[in-house]
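User: Can you walk me through this model? I'd like to start with the packing and then move on to other topics.

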Amino acid sequence: MLALAACGGEGSDGGAGSGGDTLVIGYSAGISGGAAEYGRNVQNGLQMAIDDLNEEGVEIDGKQYTLKLESLDDQYQPSTTGTNAQRLVQKEGAKIVFVPHAGGIKAAQELNTSRDKFLIGAYSSDPDILSSGNELTVMIPPSFTSYIDPFIDKVDTKGKGKLGLLTTSSEFGQEWTKAATKSWQDAGGQVLSNNNIDYGTVSDFAGPVSKTLSGKPDVILVGGPSQPTALIIEEARKQGYDGAFMIIDQAKFEEMEEFTEPENLDNSVGIAPVKEFEGTEDFISRYQEKFSSDKPVNADIALNYQSLPVFVEAMKTAGSTDDPEAIREAMPEAVGEVDDKFKVAFAPDSITDKGHFVSDGLKAAYRNDKGEYEIFDIDQPKE
């Protein structure tokens, strides 16, 4: 469970920053098992940023550093995340640990403000991450609550529609479902029975889909990992459903297109594909060449690629690599100092007092009946 995973990528020990002291960035995630693709996407985004930063050279308080990513596999077990975080901090010297799942983040939050203080790069859109008041947590992606009302507006049923519930039964899926249910009812709509299922263990989706469709929904809330989400949508279309889908932010359009006929995704709203943002062609091609991959480059990769330079810039501003509190305090200034070349899609423009990156360019997408993505703005609260 504590096996050290390969960092991946090229040039992680080279570039202009080589020859100086090594600065370890920690990472704990599920990088083996059923959810490994997600864990590796985040890992690759971080590694690509590290290699690019090393290439240009990292100087902090007059000293040269070479960044190094140390990755440990936690298989998405929060208790193992806590153990990994302690190992990364105590044995590897990491003062920043990235974790891409809410349970693991919450486990790390129980440790990071005690004797061995460290910053958490929290990659989860669960708003509960910030409610703990942990001063050394930085939440990277937009909160999923930012998307709910705009999504409902986009599939507007004039306050009389029925909402079917068919997301993943994970804690994250249930929190999404609870928040969307409240917003839908507040808008005057009816919410049908909850048919959420475990996307990781259920392989025959016909039954849950049929049960959901029996309520004659106008819109279905769906989502989990991209592959099973695409297959559930496909099954609903096979059973004659022609209504709209609201897709939670865990699933990505560009990935779902790989697992079902793209037209099945028409009349759906979700987060905007990275490829729809202007100027992302170079980033996508560089990533695919670097990791010898023809898979879609999604937000999990891009958001982590552009977040890590903020932490490094904050170290420069603070003049410290080992004082997490000083680094966190420097982040509001550091956000504005990051080179534009690291900004891919809805890059952070500021950070809130609670530690949440905010992008003034946050966008989502509605895929219309012509298979075209209609991009629209999302207002992200600056609380």
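User: Which residues have the most contacts inside the largest nonpolar core?
Analyst: This is a predicted model. Its largest nonpolar core has 100 residues, and Phe98, Trp176, Met246 and Leu308 have the most contacts inside it. Helix α11, residues 299-318, supplies the largest share of this core, with 11 residues.

User: What is Trp176 in contact with, leaving aside its neighbours within four places in sequence?
Analyst: With those left aside, Trp176 contacts Phe144, Tyr147, Ile148, Phe151, Leu221, Ile248 and Asp249. Another core, of 16 residues, lies apart from the largest one; among its members are Val89, Ala108, Ile129 and Met139.

User: OK, helix α3 next. Why is it described as largely enclosed?
Analyst: Helix α3 covers residues 102-109, and 6 of its 8 residues are buried, so the rest of the structure largely encloses it. The buried ones are Ala102, Gly104, Ile105, Ala107, Ala108 and Gln109.

User: And what do those buried residues pack against?
Analyst: The buried residues of α3 pack against two helices, α2 (78-90) and α4 (128-131), and against strands β5 (96-99), β6 (119-122) and β7 (137-139).

User: Switching to the sheet. What is the strand order?
Analyst: The order is β9-β8-β10-β11-β12-β15-β16, which makes an open sheet of 7 strands with mixed pairing. The edges are β9 and β16 (373-377); each has a single partner strand, so one side of each has no neighbour in the sheet. On average, neighbouring strands of this sheet are turned by 25° against each other, ignoring direction.

User: How many bridges join β11 to β12?
Analyst: There are 2 bridges between β11 (residues 244-247) and β12 (residues 268-271), and the two strands run parallel. Met246 stands opposite Val269 in β12. Met246 is also one of the residues with the most contacts inside the largest nonpolar core.

User: Which strands does helix α8 touch?
Analyst: Helix α8, residues 226-238, packs on the sheet and touches β8 (162-167), β10 (219-223), β11 and β12. The direction of α8 makes about 165° with that of β11.

User: Now pockets. How much space lies in the largest one?
Analyst: The largest pocket holds about 1,500 Å³ of space. Its lining has 50 residues, and Ala35, Tyr38, Tyr76, Pro225 and Gln250 lie nearest its centre. The elements giving two or more residues to that lining are α1 (36-56), α3, α6 (171-186), α8 and α11.

User: Which of them gives the most?
Analyst: That is α8, which gives 4 residues to the lining of the largest pocket.

User: What about closed cavities, how many are there of 30 Å³ or more?
Analyst: A search of the whole structure finds 2 cavities of 30 Å³ or more. The largest cavity holds about 80 Å³ of space. Its lining has 13 residues, with Ile140, Leu303, Phe346, Pro348 and Phe357 nearest its centre. Two or more lining residues come from each of α11 and β14 (357-358). The largest share, 3 residues, is from α11.

User: Backbone check. What is the phi of Gln75?
Analyst: Phi of Gln75 is near 50°, a positive value in a residue other than glycine. Most residues other than glycine have a negative phi. Gln75 lies in the loop between β4 (63-73) and α2, and counts as partly exposed at 36% relative accessibility.

User: And Ser292, buried or exposed?
Analyst: Ser292 is exposed, with a relative accessible area of 70%. Phi of Ser292 is also positive, near 50°. Ser292 sits in the loop between α10 (281-290) and α11.

User: Where is Asn195 found?
Analyst: Asn195 is in the loop between β9 (190-194) and α7 (206-213). Asn195 has a relative accessible area of 7%, so it is buried. Not counting residues up to four places away in sequence, Asn195 touches Leu165, Leu166, Pro208, Lys211 and Thr212.

User: Last one: which helix does Ile327 lie in?
Analyst: Ile327 lies in helix α12, residues 324-329. Ile327 counts as buried, at 0% relative accessibility. Beyond residues up to four places away in sequence, Ile327 touches several others, including Leu119, Phe311, Ala314 and Met315.

User: How far apart are Ile327 and Ile232 in space, and what is their separation in sequence?
Analyst: C-alpha to C-alpha, Ile327 and Ile232 are 44 Å apart in space, and they are 95 residues apart in sequence.

How values were computed
Residues numbered from 1 in each chain as written. Predicted model: local features only at pLDDT ≥ 70, side-chain atom pairs only at ≥ 80, totals over all residues. Heavy atoms only, no water. Core = buried A, V, L, I, M, F, W, Y, C linked by side-chain atoms within 4.5 Å. Buried < 20%, exposed > 50% of the residue type's maximum accessible area, 1.4 Å probe, protein only. Contact = heavy atoms within 4.5 Å. Pairing = 2+ DSSP bridges. Axes fitted to C-alpha atoms, helices over the stretch in contact; angles between N-to-C directions. 1 Å grid on protein atoms, 1.4 Å probe; cavity = no way out; pocket = protein on both sides within 12 Å on 5 of 7 lines; lining within 4 Å. Points joined across faces, edges and corners; volume = space filled by probe spheres on them.
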